[in-house]
Amino acid sequence: MDLAVETTLTVNGTRVTRRIEPRQHLVDFLRDELGLTGSHIGCEHGVCGACTVRVNGEIVRGCLMLAVQADGCKVETIEGLSDSKELAGLQKAFHEKNALQCGFCTPGMLMAAQDLVLAKEKISREKIREHISGNYCRCTGYQAIVDAIEEVLNGQG
Ligand code: FES
Ligand code: FES
């Protein structure tokens with residue numbers, strides 16, 4: 001029985017209409033159907049943050065949202081924010097501070113950090129740590145990641 005549901009969403013500025021199985025998660029749809037493999041799949045339980053994407057301006061776990069729930073929504077992924085140069089400052093700081101090793105967590109980390117950049121608030125390192133506490137990094141110990149985010153926030157004037 002074909003249970004697929006016609007779903008239309010805008011992904012990184014492009015309108016997409018597909019018939020989607022109701023059980024398919026958003027991150028799987030983005031990766032498998034649209035080839036946007038920058039959003040990673042780690043825990044698949046909403047814990048690690050590797051699958052973080054933006055839906056209607058809010059960061060969400062792509063592994064906890066069904067693709068059909070994104071019907072009518074504006075979805076942005078690491079590829080979109082990277083191509084638009086929205087993340088240029090954070091990417092440069094991550095690179096310069098050696099804030100990544102394997103890079104598996106980095107797309108989700110950048111998506112979460114960009115929330116702080118958009119809020120344009122000066123916040124403490126403790127608050128930065130709190131904000132990215134839902135994004136697990138197995139390699140860097142967070143110190144350099146916090147350094148990079150702090151540098152961008154401080155540089156916003
Ligand atoms: S894969 Fe979604 S939070 Fe870990
Ligand atoms: S850089 Fe390897 S998990 Fe974060």
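**Salt bridges, domain interface and local features of the predicted model**

In this predicted model, a salt bridge (a side-chain nitrogen of Lys or Arg within 4 Å of a carboxyl oxygen of Asp or Glu) joins the side chains of Glu-151 and Lys-97, with an N to O distance of 3.2 Å. Glu-151 belongs to helix α6 (residues 143-154) and Lys-97 to the loop between α3 (88-96) and α4 (106-119), so the pair ties together parts that are 54 residues apart in sequence. Helices (H or I, at least four residues) and strands (E, at least two) are DSSP runs, numbered from the N terminus. Glu-151 is partly exposed, at a relative accessible area of 35%, and Lys-97 is likewise partly exposed, at 34%. Here buried denotes under 20% relative accessible area, exposed over 50%, and partly exposed the range in between (1.4 Å probe, protein chains only).

Local features require pLDDT of at least 70 and side-chain atom pairs count only at pLDDT 80 or more, whereas totals for chains, interfaces and linings use all residues; side-chain values use heavy atoms, with hydrogens and water left out. Residues are numbered from 1 along each chain as its sequence is written, while chains are lettered from A and ligands numbered from 1 in the order in which they are written.

The structure contains 8 salt bridges. Side chains of opposite charge can pair when their charged atoms come close. A further bridge to helix α6 is formed by Arg-125 and Asp-147, whose closest N and O atoms are 2.9 Å apart. Arg-125 lies in helix α5 (residues 125-131) and Asp-147 in helix α6, so this pair ties together parts that are 22 residues apart in sequence. Both partners are partly exposed, Arg-125 with a relative accessible area of 25% and Asp-147 with 26%. In addition, Arg-54, Glu-76 and Glu-86 are joined into one network by salt bridges that share partners.

Towards the start of the chain, Arg-19 and Asp-2 meet through their side chains in a salt bridge of 3.2 Å, N to O. This pair links distant parts of the chain, with Arg-19 in strand β2 (residues 14-20) and Asp-2 in the segment before β1 (5-11), 17 residues apart. Arg-19 is exposed, with a relative accessible area of 51%, and Asp-2 is exposed, with 54%.

The protein chain is divided into domain 1 (5-81) and domain 2 (87-154), the bounds being taken from an automatic or database domain assignment. The contact (heavy atoms within 4.5 Å) involves 17 residues from domain 1 and 15 residues from domain 2. The C-alpha centres of the two domains are 22 Å apart.

The size of an interface is often given as the accessible area lost when the parts come together. Between domain 1 and domain 2 the buried area, meaning the accessible area (1.4 Å probe) that two parts lose on being put together, summed over both, is about 1,300 Å², and carbon and sulfur atoms give 63% of this area. Across the interface, 0 salt bridges are found, and 6 residue pairs are in polar contact (both at pLDDT 80 or more). A polar contact is a pair of N or O atoms within 3.5 Å; within protein, one must be able to donate a hydrogen and the other to accept it, and residues adjacent in sequence count only if both atoms are side-chain atoms. On the side of domain 1 that touches domain 2, the elements giving two or more residues are β3 (52-55), β4 (58-61) and α2 (78-83). Strand β3 provides the largest share of this side, 3 residues. The residues of this side divide into 8 nonpolar, 6 polar and 3 charged, where Ala, Val, Leu, Ile, Met, Phe, Trp, Tyr, Cys and Pro count as nonpolar, Asp, Glu, Lys and Arg as charged, and the others, Gly among them, as polar.

Asn-135 is located in the loop between α5 and α6 and is buried, with a relative accessible area of 4%. Apart from neighbours within four places in sequence, Asn-135 contacts Cys-48, Gly-49, Thr-52, Arg-61, Gly-108, Met-109, Ala-112 and Tyr-142. Ala-148, in helix α6, is buried at 0% relative accessibility. With residues up to four places away in sequence not counted, Ala-148 touches Ala-93, Phe-94, Lys-97 and Ala-99.

Positive phi values in residues other than glycine occur at Lys-85, near 70°, and at Asn-98, near 55°. Lys-85 lies in the loop between α2 and α3 and is exposed at 60% relative accessibility. Asn-98 lies in the loop between α3 and α4 and is exposed at 59%.
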